[in-house]
Amino acid sequence: MPLLVFSDLDGTLLDHHDYSWELARPGLQRLHDLGAGLVLASSKTAAEIEGYRQSMGFPHMPAIVENGAGILWPDEAETSGSGEYESIRGILEQLPPGFVGFADMSLGELSDRTGLDLDAAAKAQLRQFSEPGLWTGSPEGLERFLDAAAQHGLHARQGGRFLTLSMGKTKAVAMATVINRLTPEQTIALGDAPNDLEMILAADTGVIVANRLGAPFPELTPEEEGQVIRTTLEGPEGWAEAVLTLTAAP
């Protein structure tokens, strides 16, 4: 495989507001033309990612689900990785109040919070390895909550919209597993939020997709060497901008 692209979804390959990837079509077509692979890497569940993998034309490729806690291989019926969701929910019951997880929301509320339709919201609740949600308390309360979560072995990652709790597996670790199995010649990784940083830095070329509403990225040393670049456009349009630029014929 000449090139393997790892991509976050929300705010990167998908529009942050309507979840459309229409503006990314030119970049996706370029990957097909090159015989490159696309590995979707997201906090989304396997049930959610499967539909995107199919519609984008990469059903033969693996996908990294729930921020790296599991890998959905195309030739396997089940997501690899041990289900940890019940343990996470049990720990949450022992922590200070203020965190509202997906499981605490009705389908209607989750749909309103995410902009997903009810069917998609139901798929978002089919979790195996992590619990995204919103903090509803004070900043001081959040600090106490995160300290208590860490004492119980939970790791917290802030994405573009939700705070996600897991047992600590990352997109970068899952990325290494996929690379070891598929052995691509080159890799690109794209993301728009701090929880994508390890994945971005692990690729031959990393791309920070612009997101004026998200948490800012600090200036990175690899940017000086050209290993990491930033887009000027946001979301799927910025994604296509980067892919077309990086794969242009010399």
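# A tour from the pocket to two loops

Start with the largest pocket of this predicted model, which holds about 190 Å³ of space. Select D15, H16, H17, E234 and G235: of the 13 residues that line the largest pocket, these are the closest to its centre. Next, select residues 235-246, which form helix α10. Helix α10 gives the largest share of the lining of the largest pocket, with 3 residues.

**The open sheet**

Now turn to a sheet of 4 strands. In what order do the strands of this open sheet stand? The order is β5-β6-β8-β7, and the pairing is antiparallel. Select residues 99-101 for β5 and 155-158 for β7. These two strands stand at the edges and have a single partner strand each, so one side of β5 and one side of β7 are left without a neighbour in the sheet. Look along the sheet to see the twist: on average, with direction ignored, neighbouring strands are turned by 35 degrees against each other.

Then select β6 (residues 130-135) and β8 (residues 163-166) together. The two strands run antiparallel and are joined by 4 bridges. To find one bridge, pick G133, whose partner in β8 is L163.

Add helix α3, residues 85-92, to the view. Helix α3 packs on the sheet and touches β5, β6 and β8. The direction of the helix makes about 35 degrees with that of β6.

**One arginine in helix α3**

Within helix α3, select R89. Is R89 buried or exposed? A residue counts as buried when its relative accessible area is under 20%. R89 has a relative accessible area of 18%, so R89 is buried. Show its contacts next: leaving aside neighbours within four places in sequence, R89 is in contact with G101, A103, D104 and E131. For a distance across the model, pick R181 as well. R89 and R181 are 92 residues apart in sequence, and their C-alpha atoms are 32 Å apart in space.

**Around strand β10**

Move on to strand β10, residues 205-210. This strand is mostly covered, with 5 of its 6 residues buried. Select β9 (residues 186-191), which runs parallel to β10 and is joined to it by 4 bridges. One pair to look for is L190 and its bridge partner in β10, V207. Add helix α8, residues 197-202, and a right-handed β-α-β unit made of β9, helix α8 and β10 is on screen.

Strand β11, residues 228-234, also runs parallel to β10, and 4 bridges join the two. Pick I208 and look across to β11: R230 stands opposite.

**Two loop residues with positive phi**

The last stops are E66 and T183. Where does E66 lie? E66 is in the loop between β3 (63-65) and β4 (70-72). Its phi is near 50 degrees, which is a positive value in a residue other than glycine. The relative accessibility of E66 is 1%, so E66 counts as buried.

T183 lies in the loop between α7 (171-182) and β9. T183 is not a glycine, although its phi is positive, at about 45 degrees. Is T183 buried or exposed? Exposed means over 50% relative accessible area. T183 has 55% relative accessibility, so T183 counts as exposed. Show the surface with both residues coloured to end the tour: E66 counts as buried, whereas T183 counts as exposed.

Definitions and conventions:
Residues numbered from 1 in each chain as written. Predicted model: local features only at pLDDT ≥ 70, side-chain atom pairs only at ≥ 80, totals over all residues. Heavy atoms only, no water. Pairing = 2+ DSSP bridges. Axes fitted to C-alpha atoms, helices over the stretch in contact; angles between N-to-C directions. Contact = heavy atoms within 4.5 Å. Buried < 20%, exposed > 50% of the residue type's maximum accessible area, 1.4 Å probe, protein only. Right-handed = clockwise from strand over helix to strand, strands pointing away. 1 Å grid on protein atoms, 1.4 Å probe; cavity = no way out; pocket = protein on both sides within 12 Å on 5 of 7 lines; lining within 4 Å. Points joined across faces, edges and corners; volume = space filled by probe spheres on them.
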